[in-house]
Amino acid sequence: VASIAGFMSGPLMAAYYASKNYVVSLSTDINKELKKSNSNVNVSVLCPGPAETEFFSRANVKFAIKPHSSDFVTDYALKKLRKNKLLIVPGLVPKLTVFSNRLAPRKFAMKIAYNITQRKLYKDKKWK
């Protein structure tokens, strides 16, 4: 399990974003190696956007986009797993987020991500 964060940069949350980038990269690379060796093993990596879990209430986290229910994410993931889908991104907004991040120049995307995260941290009073 990775996240849509696995397709983008995350200044001010660099370790989190880097770990999700690692999971996406490792999964896609291993998948390619297995396919080239004619293996019958399939790799899938789940990259959801925000999903309603106990994490939200415990961490008091809020996102700009509406989270999907954990049931939706689970059902969608299982459906795509059965079809041997490599990258599984549940929901239209997360798909658009991943797609638009591929189009935006990296420096521009990092500037936007930095500004959004900084505003959120100050608003939530996690920084003073």
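**Close-up views around helix H1**

**View 1. Helix H1 along its length.** Helix H1, a DSSP run of H or I with at least four residues, numbered from the N terminus, covers residues 14-36, and its 23 residues reach 33 Å from the first C-alpha to the last, close to the 33 Å expected at 1.5 Å a residue. This is a predicted model, in which local features need pLDDT of at least 70 and side-chain atom pairs count only at pLDDT 80 or more, while totals for chains, interfaces and linings use all residues. Residues are numbered from 1 along each chain as its sequence is written, and side-chain values use heavy atoms, with hydrogens and water left out. After H1 comes Asn-38, which has a positive phi, near 60°.

**View 2. The buried residues of H1.** Tyr-17, Lys-20, Val-24, Ser-27 and Asn-31 are buried in H1, where buried means under 20% relative accessible area, exposed over 50% and partly exposed in between, with a 1.4 Å probe and protein chains only. An α-helix has 3.6 residues a turn, so residues three or four places apart point the same way. The buried residues of H1 pack against strand E1 (45-46) and strand E4 (87-88), strands being DSSP runs of E with at least two residues.

**View 3. Tyr-16 beside Tyr-17.** Tyr-16 and Tyr-17 form an edge-to-face aromatic pair, at 5.7 Å centre to centre and with 80° between the planes; rings pair if their centres lie within 6.5 Å, and planes under 30 degrees apart count as stacked, over 60 as edge-to-face and the rest as tilted. Tyr-17 counts as buried because its relative accessibility is 17%, whereas Tyr-16, at 38%, counts as partly exposed.

How values were computed. Expected span 1.5 Å × (residues − 1). Contact = heavy atoms within 4.5 Å. Phe/Tyr/Trp six-rings, centres within 6.5 Å; stacked < 30°, edge-to-face > 60°.
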